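Me: I am new to this structure. Please show it, and then I will ask about its strands.

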Amino acid sequence: MKKMIVLLVIGFLAIFVMAGCDSFIPGEGEGEGEGEGEPEPVKPTVLVEAYIAVACTHCAKVEPILEQLAIEYNREEMILVELVPWGSNYVISEAYQRYKWYDLSGGVPQITFNGLNSNIFGESTYSVIKSRIEAQLAVTPTIELKASKATDSLGTVITGTLKNISSNTLTSLVVNGMTIKDMGTTGFHYTVTDIFEEHKVSISSLAPGEEKSFTMTITGSNWTTQNDGVIFVQSVADSKKTIRQSVFLD
């Protein structure tokens, strides 16, 4: 009887070992490198341009909402820039020129979402502004944009690439950028201090799958640790002046 029990135990152990090997040893080519080498899908980023001014009652109501949303979203989802087109504080001529280029009118506040794909004039609520951001995040991106910067005492050099990831040829594109500075308690936290209009790169055509590199050399721009920035690709010929992708740089 003992011999029989021993034989049965040995038999069960043999079956268990064989079954275990079959369960855990992958066949040739299986379980190795799955998902490796596959690029992550490009996600959209929403560039929110808020044209506001100091001592503007309506701006004072909408500006804290925008800054709260800028904290809630990460910089790969939403980038807020605050442009002061006129007044005595933090004004740059490029902000007013861009305001006019968009053909905005009626004063401030004016908020654009990836160009004129969506825009709000006057006061608004948290839920309305958030819904506009979410709507743009649901749009399939057409551009993959990569950018980096190098700064020294002479200025800043920005290099990068853009790739058409849509099935259509894209035309009349520009690569542009802005520097952003937190003005602390005395001003806006996402104040635009420079727009790279004189250094923007024009791209007449970009075929499906085509990739192009760009360089912007901005002499005298000391992009210090106190400044952040954004690089963006914008269509300049369509009526919406669509910002197709943007990248935050710190």
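**Strands and sheets**

Reply: Strands E1 and E2 (residues 78-83) run parallel and are joined by six bridges. Strands count as paired when DSSP finds at least two bridges between them; helices (H or I, at least four residues) and strands (E, at least two) are DSSP runs numbered from the N terminus. This is a predicted model, in which local features need pLDDT of at least 70, side-chain atom pairs count only at pLDDT 80 or more, and totals for chains, interfaces and linings use all residues. Residues are numbered from 1 along each chain as its sequence is written, and side-chain values use heavy atoms, with hydrogens and water left out.

Me: Which residue of E2 stands opposite Leu-47?
Reply: Leu-47 points one way from E1 together with Glu-49 and Tyr-51. Its partner in E2 is Ile-79.

Me: Why is strand E1 largely enclosed by the rest of the structure?
Reply: Buried means under 20% relative accessible area, exposed over 50%, and partly exposed in between (1.4 Å probe, protein chains only). E1 covers residues 46-51, and it is largely enclosed because the number of its six residues that are buried is six.

Me: Which residue of E3 stands opposite Tyr-51?
Reply: E1 and strand E3 (residues 110-113) run antiparallel, joined by four bridges. Opposite Tyr-51 in E3 is Gln-110.

Me: In what order do the three strands of the open sheet lie?
Reply: The pairing in this sheet is antiparallel. Its edge strands, each pairing on one side only, are E5 (143-152) and E10 (211-219). The order is E5-E6-E10.
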